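Reader: I would like a close look at one part of this model, namely the way its helices pack against one another. Please take me through that packing step by step, and add whatever bears on how far the coordinates can be read.

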Amino acid sequence: MEIQNTLDCFVLLWRMLERTRRLLQGQCKRFCIRNVLKAWFDCEANDNFIWEVCLRCEQAGWDELPLPSLYPLKHRELLRAIVAVKLGIGMRKVGLRELDQAYSIAFPRSTAINKNKKKRISKVSGNE
């Protein structure tokens with residue numbers, strides 16, 4: 001699988017995450033970062049690779065992950081870390097806007113990640 005910093009790749013990653021969750025559940029395995037990376041990258045997912053992804057997303061490799069469709073923020077950081085490590089770029093270089101948009105495409109019935117994000121309201125002079 002070729003990782004790219006694009007909307008199409010992010011949609012694919014979100015969908016793969018859900019499929020992997022179901023696969024691991026069917027195999028009675030823990031849905032955690034370590035098992036996801038091993039399922040996706042096989043031999044390439046060595047301890048150093050897993051450690052780098054966990055370090056960047058600030059999560060432990062064996063911790064159980066919640067459902068991607070219900071609790072997307074942890075997964076968003078995981079996907080950002082995977083893209084950053086695979087491409088050798090910083091976390092800030094990963095397109096958050098595209099990643100959030102991809103979530104809405106992959107899980108159309110779920111609440112958008114940025115739904116509660118505060119919008120900047122410019123002050124209109126005279127209305128203070």
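Author: Read from the N terminus, the elements of the protein chain follow the order α-α-α-α-α, and the chain as a whole has five helices and zero strands. The model is predicted, and its mean pLDDT over the protein chain is 86, with 88% of the residues reaching 70 or more. Of the 128 residues in the chain, 41% are buried. Among the contacts with a separation of 6 or more, 61% are between residues that lie 24 or more positions apart.

The packing of helix α1 is a good place to begin. Helix α1 covers residues 7–26 and helix α5 covers residues 96–106; their axes come within 8 Å and cross at roughly 50°. Because angles from 35 to 65 degrees fall outside both the roughly parallel and the roughly perpendicular ranges, α1 is described as oblique to α5. The crossing in which α1 passes α5 is right-handed. On the α1 side the contact is formed by L7, F10, V11, W14 and R15, and these meet E98, L99, Q101, A102, Y103, I105 and A106 of α5. Sorted by class, the contact of α1 with α5 comprises nine nonpolar residues, one polar residue and two charged residues.

Helix α1 also packs against helix α2, which spans residues 33–41, and here the angle is about 110° while the axes are 10 Å apart. Since an angle from 65 to 115 degrees counts as roughly perpendicular, α1 is roughly perpendicular to α2. The residues of α1 that take part are L13, M16, L17, T20 and L24, which meet N35, V36, A39 and W40 in α2. By class, this contact of α1 with α2 holds seven nonpolar and two polar residues, and no charged residues.

Between these two helices runs a loop, and K29 is found in that loop between α1 and α2. With a relative accessibility of 47%, K29 counts as partly exposed. Once its neighbours within four places in sequence are set aside, K29 is in contact with L24 and N35; L24 of α1 and N35 of α2 also belong to the residues through which those two helices meet.

The other end of the chain offers a further helix pair. The axes of α4 and α5 come within 11 Å and cross at roughly 130°, which makes α4 oblique to α5. The crossing of α4 and α5 is right-handed. From α4 the contact draws on P72, R76, L79 and R80, and from α5 on L96, L99, D100 and Y103. By class, the contact of α4 with α5 contains five nonpolar and three charged residues, and no polar residues. Two residues of α5, L99 and Y103, thus appear in the contact with α4 and are also listed in the contact with α1.

Helix α3 enters the picture through L55, which has its place in that helix. L55 has a relative accessibility of 46% and therefore counts as partly exposed. The C-alpha atoms of L55 and A81 are separated by 8.4 Å, although the two residues are 26 residues apart along the chain.

Two residues in the loops deserve attention for their backbone geometry. Most residues other than glycine have a negative phi. D42, although not a glycine, has a positive phi of about 50°; D42 lies in the loop between α2 and α3, the latter being residues 47–57, and at 54% relative accessibility D42 counts as exposed. E58, likewise a residue other than glycine, has a positive phi near 55°. E58 lies in the loop between α3 and α4, the latter being residues 72–87, and E58 is exposed, with a relative accessible area of 72%.

A last point concerns how far the coordinates can be taken. Over residues 116–128 the pLDDT stays under 50, and for this stretch the model has zero contacts beyond four places in sequence. Where pLDDT is low, the predicted coordinates should not be read in detail.

Note on methods
Residues are numbered from 1 along each chain as its sequence is written. This is a predicted model: local features need pLDDT of at least 70, side-chain atom pairs count only at pLDDT 80 or more; totals for chains, interfaces and linings use all residues. Side-chain values use heavy atoms; hydrogens and water are left out. Axes are lines fitted to C-alpha atoms, for helices over the stretch in contact, and angles run from 0 to 180 degrees between N-to-C directions. Helices (H or I, at least four residues) and strands (E, at least two) are DSSP runs, numbered from the N terminus. Angles under 35 degrees count as roughly parallel, over 145 as roughly antiparallel, 65 to 115 as roughly perpendicular and the rest as oblique. A crossing is left-handed if the near helix is turned anticlockwise from the far one by less than a right angle, and right-handed if clockwise. Contact means heavy atoms within 4.5 Å. Ala, Val, Leu, Ile, Met, Phe, Trp, Tyr, Cys and Pro count as nonpolar, Asp, Glu, Lys and Arg as charged, and the others, Gly among them, as polar. pLDDT is the predictor's confidence in each residue, from 0 to 100. Buried means under 20% relative accessible area, exposed over 50%, partly exposed in between (1.4 Å probe, protein chains only).
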